[in-house]
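Visitor: I should be grateful for a close look at a single strand of this protein and at its surroundings. Please begin with the exposed surface of the chain as a whole.

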Amino acid sequence: MTMSAAVLVTALAASIWVTGAPLRAQTPVEPPSAVASPEVLKVIQDPTSRLTLPVMIDGQGPFDFLIDTGADRTVISRQLAAKLDLPDGPTVLMHESAGDDDVKTVLIDHLAIGARIIRHVEAPALEADDLGAAGILGVDALRDLHLVMDFKAMRLSSSPSRQEPLDPETIVVRGRSRYGQLILIDSKVRGVDVLVVLDSGSQLSLGNPALLELLTGHAAGHEPRVTTQIVSVTGRKLTVELDDIAETKVGGVVIRNMPMAFADLPIFGRFGLIRQPALLLGMDVLSKCSRVTIDLRRREATFTLN
């Protein structure tokens, strides 16, 4: 199977990791019927091609939160936290696309995604303009779910972790878990193994310097031909190099003319992906599929192209 990816010139990278304070118990509490059957929720595609879901915070809302499989923690905007008068939590160290920042958290008693309720959430609070939404749903809210992103119908179906029913048009790609994120391992560029992180919170796919050197022979520090800026969730701006990858194989999926931004981002070091070619697969590619499923507990993703 093959697919073509359109060229983009801007990106909003939203991948985040948090250290510095232990997580309080975040326990899903839901009726047995919600556990036994999938729940279908309507999603919205924002101007940067990312998906949002309606979320209830302490019984108020709904508020549109971005779905970010590249973030380990759920985040809320400072403006919404102030509006809801949420109590302060501890300060944490946030590792995100462009660097590290000390960030204050707020305490959410219960967060509801459809029928699913997650209690005792310590959510970092960031500026709404930088988030581009009221908040971000990270893997702490998604880790036990089987997520089905249906781009044709613009629906997201969530159910407890399970095997995805397959058909001839669907390809399964397996991986491993690192810091809660899913890293796909059966991927190649020019016949060389490449590690792929699914990042639904980033508009643009991002490659590390090792991947750039594989493709162009240019080591980090060379003069780039085309550049653009990405803006992180804490408002940091970072210049990245733009190029296309003629062909990328992610499992059995072949992606042709794939747009890619390249930068020596701290997040690659966080994952231990410095020497080996690696990329964050963003919404510019994921949204070209008709359907994508992600199951963090089973460590697998599926791609349906037609």
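Guide: In this predicted model, the protein chain exposes about 12400 Å², of which carbon and sulfur atoms supply 50%. Of its 306 residues, 54% count as buried. The chain holds seven helices and 27 strands, and the strand chosen here is S24, residues 253-262.

S24 is mostly covered, with eight of its ten residues buried. On one side of the pairing pattern is strand S23 (residues 237-250), which joins S24 in the antiparallel sense over nine bridges. Within this pair, Asp243 stands opposite Met260 of S24. The two strands form a hairpin with two residues between them, and Gly251 in that turn has a positive phi of about 60°. A further partner is strand S21 (residues 206-207), which runs parallel to S24 and is joined to it by two bridges; here Leu206 stands opposite Ala261.

S24 also contributes to the interior. The largest nonpolar core has 61 residues, and those touching the most other members are Ile57, Phe65, Ile76, Leu184, Leu198 and Phe303. The largest share of this core, five residues, comes from S24. In soluble globular proteins, nonpolar side chains tend to be buried together. Leu184 illustrates the contacts involved: beyond four places away in sequence, the residues it touches include Val173, Val194, Leu198, Val250, Ala301 and Phe303. Leu195 is also among the residues that Leu184 touches, yet Leu195 belongs to a second, separate core of 17 residues, which also includes Ile230, Phe268 and Phe271.

Methods
Residues numbered from 1 in each chain as written. Predicted model: local features only at pLDDT ≥ 70, side-chain atom pairs only at ≥ 80, totals over all residues. Heavy atoms only, no water. Helix = DSSP H or I, 4+ residues; strand = E, 2+ residues; numbered from the N terminus. Buried < 20%, exposed > 50% of the residue type's maximum accessible area, 1.4 Å probe, protein only. Areas by Shrake-Rupley, 256 points an atom, 1.4 Å probe, with all protein chains shown as cover. Core = buried A, V, L, I, M, F, W, Y, C linked by side-chain atoms within 4.5 Å. Contact = heavy atoms within 4.5 Å. Pairing = 2+ DSSP bridges.
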